[in-house]
Amino acid sequence: MSHQIAVLAGDGIGPEVMTHAVEIMKLSLQEESSSFSFEEGKVGGAAIDQCGEPLPKETLRLCEESQAILFGSVGGPKWENLPSEKQPERGALLPLRKHFELFANLRPVILYPELVASCPLNHHITKKGIDLLIIRELTGGIYFGKPRGREGKGEEERAFDTMSYTRREIERIALMALEASSSRRKKLTSIDKANVLSSMVFWRQVVNETVERYNQVNQSTSEKIALEHMYVDNASMQLILCPSRFDVLLCGNMFGDILSDEASVLGGSLGMMCSASLSAVCNKESDGSTRFGMYEPAGGSAPDIEGKGIANPIAQILSSALLLRYSFRKEDASLRIENAVRSALRDGARTKDIAQKGEKTVNTFEMAQEIQKNIRDDRIRA
Ligand code: IPM
Ligand code: MN
């Protein structure tokens, strides 16, 4: 087998949607699927229950042997009272990001015309279209900055975190955003809080320098990327007032976390939002054009609907399309999946989260069936 994918379904609705995503990936790869292997590993609460820790060594080893991770979701009420470093999110997700240096988190937000009614914004706003890409720095900033901790006693007891960014960290995420912008509408909005935080003054400065260099080098080969800067508080307002003004948003770790949850509802439902977290490390056997990456839906484990079979599998399925694109350069297979999802929506398939009141809904299985059928039909037509 030349290509290996680590499949970590995790908790909650993770396993329910994962089986469909794997089936659909195989189908979309057609004959090539025989050169892919899909290896399952335990992670999150499921791993705590079996091995006593959220990211067991065997799972980490499996990921190291693979070229990409397809991740489900972790966490749930059962593990909520554990000490925070033992919890599925802190104990599995953050260490995976750090271990594989998954510094670039891509979260595309698209409002398909078919789902306009599910978007909470007014029609006069949505009619201009929503198609944006959040690029979030994922291994630095206040999530990992040192020192952090707690000290002192009584009234003087305090807790603290550190927001810090190095030039290298800012440059590489800015470059990633520039590259993404160049194949889109060439408009980059860098988000910061440079009116208050010195780490963000530096962020703005390095982004400016990186964009300037990029535009000089690429002057002859492509159009220049237009850069604007926006404070994060204003950006959170503009996302609601006028989302069509955005193409690529470049954010630090925490601001990207917050804005991406806000933006996810613009696509109609959290159940629609996929994501890619790309590594600084290129995949060994490749020519340097593919990266190790972890791919996951942004919606979380949704314990409230676990086991009911009604979860929307689309975010997981679209995450697998991103996996094929970024970690294996299988653009055709990736597009087959994305087109099949789109057709399913066009034909009216709606899980509960994206259905209108009174509209007929399908369950997880039926939505996946619909998407599979579209991939097969696509083949017949081709
Ligand atoms: C996300 C999540 C994580 C984050 C949590 C679960 C640690 O909210 O991926 O956006 O804050 O990064
Ligand atoms: Mn988040």
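Helices (H or I, at least four residues) and strands (E, at least two) are DSSP runs, numbered from the N terminus. This is a predicted model, in which local features need pLDDT of at least 70 and side-chain atom pairs count only at pLDDT 80 or more, while totals for chains, interfaces and linings use all residues. Residues are numbered from 1 along each chain as its sequence is written, and side-chain values use heavy atoms, with hydrogens and water left out.

**Exercise 1.** Find the loop in which proline 147 lies, and describe the peptide bond that leads to proline 147 from lysine 146.

Solution. Begin with the location: proline 147 belongs to the loop that runs between strand 5 (131-137) and strand 6 (149-151). Then turn to the bond itself, since the peptide bond from lysine 146 to proline 147 is cis, with omega near 5°.

**Exercise 2.** Locate glutamine 30 and state the sign of its phi.

Solution. Glutamine 30 sits in the loop between helix 1 (14-29) and strand 2 (36-40). Its phi is near 50°, which is a positive value in a residue other than glycine.

**Exercise 3.** List the residues that surround ligand 1, and sort this shell by class and by origin.

Solution. First, the residues around ligand 1 (each with a heavy atom within 4 Å of it) are Glu89, Leu93, Arg97, Arg107, Arg136, Tyr143 and Asp257. Next, sorting by class gives two nonpolar, no polar and five charged residues. Finally, helix 4 (residues 88-99) supplies the largest share of the shell, three residues, while domain 1 (1-115 + 270-382) and domain 2 (120-267) each contribute at least three residues, the domain bounds coming from an automatic or database domain assignment.

**Exercise 4.** Identify side chains with a polar atom close to an oxygen atom of ligand 1, and say how much of ligand 1 the protein buries.

Solution. Taking the distances in turn, a polar side-chain atom of arginine 97 lies 2.7 Å from an oxygen atom of ligand 1, and one of arginine 136 lies 2.8 Å from an oxygen atom of the ligand. For aspartate 257, a side-chain N or O atom is 2.9 Å from an oxygen atom of ligand 1. As for area (Shrake-Rupley method, 1.4 Å probe), ligand 1 taken alone exposes 320 Å², of which the protein buries 72%.

How values were computed
Chains lettered and ligands numbered in written order. Polar contact = N/O pair within 3.5 Å; in protein donor to acceptor, adjacent residues only side chain to side chain. Nonpolar A, V, L, I, M, F, W, Y, C, P; charged D, E, K, R; others polar.
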